[in-house]
Amino acid sequence: MCASYGLDPRFTDADELAAADAEMLEGLRHWAELNAGETLRPTGRNLRNLNPVVLPGDDGAVLEQAWWGFLVNGAPARFPSINTRSERLQDKPGALRGRAIVPSTGWFEMQKPDRVWHEFGLGRGALFGMAAVTQRGKDPDGEWRTCYSIVMRPAPPQVAHIHDRVPLLLPASFQADWLTADGSRELIDEALIAAASLDERITAVARADDKGTDGMLF
């Protein structure tokens, strides 16, 4: 599963984030700079971080800070909710009613049994979008939040020996469809086909930890 990822303000390549106009890129850089290079982790009772996601708006895509993981009855869900398997969405496409794109410059996974951390991404400086499903939830303070769960799929061959699953990465050409098309089995099927076009670009580099302090070195 993906339990940590990065958003480095030094990104130089934003071609794979279709909705990222100049204003959105400025917003992402500003948020990442305030985040001071910290790794993005699931939101919880104690860790109240809200992370930037791209959502459909009335006049195009918009940037919003959202809660990573689902909220149920005013508290973090008791079931695993930070990730959603693509196979589950194929079986139960109703979960596709709400969708988002999660901007990132890399995600972290530990290779077992060696317990070696790796950072995955699309190359040096590349900003990309991970598919997510969303729902609304009330946080412990009674505030309504957009909650998101990153969609995971089987890993391509060149990195499967490190970790068997990767986030569903969306090429720029499919991102508008992901945000606005009707949620259906066909949508997730088409997203998986589109994601395959990025498979050859996915690389993994060993890291000392998942804190992201030496990132952007692909």
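Contact here means heavy atoms within 4.5 Å.

**View 1. The whole chain, a predicted model.** Local features need pLDDT of at least 70 and side-chain atom pairs count only at pLDDT 80 or more, while totals for chains, interfaces and linings use all residues. Residues are numbered from 1 along each chain as its sequence is written, and side-chain values use heavy atoms, leaving out hydrogens and water. Take contacts between residues at least 6 apart in sequence: 69% of them join residues at least 24 apart. The radius of gyration (over C-alpha atoms) is 16 Å, which agrees with the value near 17 Å for a compact globule of 218 residues; that rule is 2.2 Å times the number of residues to the power 0.38.

**View 2. Inside the largest nonpolar core.** Such a core is a set of buried Ala, Val, Leu, Ile, Met, Phe, Trp, Tyr and Cys residues joined through side-chain atoms within 4.5 Å; buried means under 20% relative accessible area with a 1.4 Å probe, protein chains only. This one has 61 residues, and Y5, W107, Y148, I150 and W178 have the most contacts inside it. Strand 11 (residues 126-138) gives the largest share, seven residues. Strands are DSSP E runs of at least two residues, numbered from the N terminus.

**View 3. An open sheet of four strands.** The order is 1-9-10-15, with antiparallel pairing; strands pair if DSSP finds at least two bridges between them. Strand 1 (5-6) and strand 15 (203-207) each have a single partner strand, so one side of each lacks a neighbour in the sheet.

**View 4. Where strand 1 meets strand 9.** Two bridges join these antiparallel strands, and G6 has G106 as its bridge partner in strand 9.

How values were computed:
Buried < 20%, exposed > 50% of the residue type's maximum accessible area, 1.4 Å probe, protein only.
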